[in-house]
Structures are given as C-alpha cells and as structure tokens.
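Reader: I would like to go through this structure and ask why things get the labels they get. Can we start once it is in view?

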Amino acid sequence: MTSKLFFQIVFFFAISLAARAQEILTVEDAVKIALENNYEIKIASNELKIDQQNVSLANAGVLPQLNANVTDNNSIQNTTQTQSDGSERKLNNARNMNLNYGVALNWTIFDGMGMFARYDRLKELEKLGDAELKLAIFTKVSDVITTYYDLVQQQQQLKALDTAIVISNLRVTTADNRYKIGKASKLEVLNAQVDLNTDTTALLRQKELYANTKIFLNEILGRDVKTEFVVADEIAIDGTLLLPELMALAEKQNPQLQAQIINKRISELQLKQVKASRYPTVNITSGYNFSRTEASLGFITQSSGQGFTYGFNASMNIFNGGLQNRNEKAAKLQVENSKIVIEQQLQTLRSQLSSAYQTYLTNLELTKLEAKNEEIAKENLDITLAKFKIGTIAPLEFREAQLNYVNAKVRNSNAQYAAKVSEINLKELAGNLSLSQN
C-alpha cells in the first residue's frame, strides 16, 4: 500500500469519525423541533387561539349590554323673558347647567334565533381553525420527513461515491506500479487518473447538494441554518399499507375534506342568520339615572331627580325592497355550493389516493429489484477486482464494473427514497401521518 493510498483511507476514516461526533438527528426529533419552532405552525396555532377567544355568548350578541353614561351641558347667555302680564325680565351672562348621569341596560331578548345561529357559527369557525392547524402541521411534518429522508438518501450516495474514490485510487496505484515495472503503458495510468478526477468531481457535487439540503432542513425546523447534525443510515419503509383502509381513514380525517364539511355547516348557519331577519327583534331597556338642572333666570332655578327607568322596543322588517328574498336565495346557493365542493373534494381525494397507491406499489417492487441489482453488481465488482489485481482483465472492463456497482447503489438508494415519499404521501392524504416515522 502506497503512502498516498494510506492517507486517503485515513482521511475517509477521519471524516466518518467526525460525522459520528456530530449530533445524530432522528426523524422523530426533527418533527418535534419543527412542531415547536416552525413559523407556519406558530401562525396557524395563534389563528386557532383567536378563533377560540371569539367563541363567546357576548360575541354572538346573546348577553345584555350595560353602559355608564354622563352628560354635562353648560351655557352662558344673555337672556330676556317676557312674562304673561307683559313685563320683561333680563339677565346678562346667565349661567345654565344640565347634568345627567347613570347606567343603562340594553338586551336583545329575541331576534329570530339569529344570536344562537351566530354562536354556533363561531364554534364552527373554531373547528375550522383547528382543521387548518392540522393541515398546516401535516403539510410541514410531511416536508420535514421528506427532506429528512432525502438527506438519508444523499448520505447513502456519498458513501457510494466514497467507495468509488477508494477503488479509483487503488486502480491508479495499481496502474502506476505496473507502469514502473513495464507491464502497463503510461496511457493506462492517465486513464485511471482521469477516472479518479471524475469520481472526485461527482463526490464534491454530491457534498454540495448534501450541505445545501441540510441548510434547508434546518430552515424548516426553524433553527440556526448552520446547526450541524447527521441523519440515520437507512430508510425504513412501511410496506403494509392497504388502499381500502386508507380510503376509510381519509373520508374521516383528511384535513382538507374536514375543512370543507365544516364550511358547509357554516353556510347552513349563515342561512339561519339571514332567515332570522324575517322575525321581529325585541329589546328590553332599563337603567338608573340622576339628573340636575340649574338656571339663573326662570321660575325654577334649580331641579334634580333620580330614579329607575325601564321599557322595551320591538321592530320587524316588513318590506326592504326584496333584499330579504335575495339574501336568502344567495345563502341557499352558498349551501348548495358547499355540498358540491365536498363531493368534488371527496372525488379528488379518492383519485389522488388511488394514483398514489399505485405509485407506492410500483416503488415497493422497485426497491426489491434495485436491492437485488446492487447485490449482483457487488458480486460482479468483487470478481472483476480480483481479476484486475492479477492483471487478467482490461482496465476498461474494471471501470465498467466499478461504475455499474456505484450506479446500482445510487439507484437502490433512489428507489428506497421514492418508496418512502410514496408512503408519506399516502399517510398525509389519509390524515394519518404519524409524528414518529420509522
């Protein structure tokens, strides 16, 4: 073994140790960090809190209103009064004051049940906010898991390219030794060096892609993009998914479908609110008032009073130019549209699931095929390498076997990743995307 090859092996061994020294980030940890830090999830969570705060009887108009009122009017006037007997009374800069204060209660006790429809609508809006939060979480968790396993795939490809570099170094060393003893031409050494440089270029490109994907994962995790970590070595695929079970789950818990169902309920409640305008509105009023009046000129220069007031008022829309009928027709059409949207969403969901499931099955078969191909390519490389060492095979045949093995490893890694993405997509559509993926 030459010193150059020795240092290459030591270098790759040191890289491996450095990777192990970094934080090992599991997919469960990545999902947990995203749920805590991701900006889109934080915003959706705050929106839900707003919807929860809005669900109140007061916001629906069910509770009475109690107001404290103060009115203080003052004036300075030049006043002239003519009495019934014809005499006149005059006073310049006459001061007058009128003070009223107290509390007033106003309570709508009936509005055609519109207030209760508004309250139910607020509760449905809260449910809609919850569905939107789940959708935001599922979407972001899917992005996190997909990106995580993309890194696993790239890490596997880095190892494949590392192996190619080691083999190419061995080939350069062997060709150089054979050239020195006169058993090979200079051309063989140059070709081996060119292939080594090609493999090194591919490795550098793959490292760049791997580093950029790590930055992107840190970004969607909502943490410092320079945070160092390593991911798992393997991609575990759930091969037990069944289409009928996924369909049943999707119809019950797909966030987008649930949001449309809630929207339909909101439209129905909006129609109830519109219909409530056909009925009378009854308000009761009450209060306790204090009053005081002072006048510089007149029969009464000062008066005051206090006491309880009460009463009610009622109003009913008899005719408003046909707006009531128009509003009801529009609200009914909105309900009809919401039903159509649910049917459309359900049809789209079934189509997406069926298509995604077919892709899932194909990718599962490809993982088996590519795993077998990698085994065959590895066996072929071992045989070819043994022959190359004893000089019974041409360098080009050895290079072909080397490339076949590297490409087989890459295709196997790609197939596993594609199968995992198919699995994630199916679970997301079914609303069954677990927060821990193995």
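Reader: Is the crossing of α5 and α9 left-handed or right-handed?

Author: This is a predicted model. In it, the crossing of α5 and α9 is left-handed.

Reader: Why are α5 and α9 called roughly parallel to each other?

Author: Look at the angle. The axes of α5 (residues 114–180) and α9 (residues 323–389) cross at roughly 20°. Angles under 35 degrees count as roughly parallel. Therefore α5 and α9 are roughly parallel to each other. Their axes come within 11 Å.

Reader: Which residues in α5 meet which residues in α9?

Author: On the α5 side they are I167, L170, R171, T174 and R178. On the α9 side they are L381, L385, F388 and K389. By class, this contact has 5 nonpolar, 1 polar and 3 charged residues.

Reader: What makes α7 and α8 oblique to each other?

Author: Again, take the angle. The axes of α7 (residues 243–253) and α8 (residues 255–276) cross at roughly 40°. Under 35 degrees would be roughly parallel, and 65 to 115 roughly perpendicular. Roughly 40° fits neither range, nor the one over 145 for roughly antiparallel. Therefore α7 and α8 are oblique to each other. Their axes come within 6 Å.

Reader: Which residues make that contact of α7 and α8?

Author: α7 brings A250, E251, K252 and Q253. α8 brings P255, L257 and Q258. They divide into 3 nonpolar, 2 polar and 2 charged.

Reader: How do you know that α8 and α9 are roughly antiparallel to each other?

Author: α8 and α9 pack at an angle of about 170°. Angles over 145 degrees count as roughly antiparallel. Therefore α8 and α9 are roughly antiparallel to each other. Their axes are 9 Å apart. The contact of α8 with α9 has 10 nonpolar, 8 polar and 6 charged residues.

Reader: Now the pockets. What is the volume of the second largest pocket?

Author: The second largest pocket has a volume of about 270 Å³. It is lined by 14 residues, and the closest to its centre are Q156, E374, K409, N412 and Q416.

Reader: Which helices each supply at least two residues of that lining?

Author: They are α5, α9 and α10 (395–429). α10 gives the most, with 5 residues.

Reader: What classes of residue make up the lining of the second largest pocket?

Author: The lining has 4 nonpolar, 5 polar and 5 charged residues.

Note on methods. Residues numbered from 1 in each chain as written. Predicted model: local features only at pLDDT ≥ 70, side-chain atom pairs only at ≥ 80, totals over all residues. Heavy atoms only, no water. Axes fitted to C-alpha atoms, helices over the stretch in contact; angles between N-to-C directions. Helix = DSSP H or I, 4+ residues; strand = E, 2+ residues; numbered from the N terminus. Left-handed = near helix turned anticlockwise from the far one by under 90°. Contact = heavy atoms within 4.5 Å. Nonpolar A, V, L, I, M, F, W, Y, C, P; charged D, E, K, R; others polar. 1 Å grid on protein atoms, 1.4 Å probe; cavity = no way out; pocket = protein on both sides within 12 Å on 5 of 7 lines; lining within 4 Å. Points joined across faces, edges and corners; volume = space filled by probe spheres on them.
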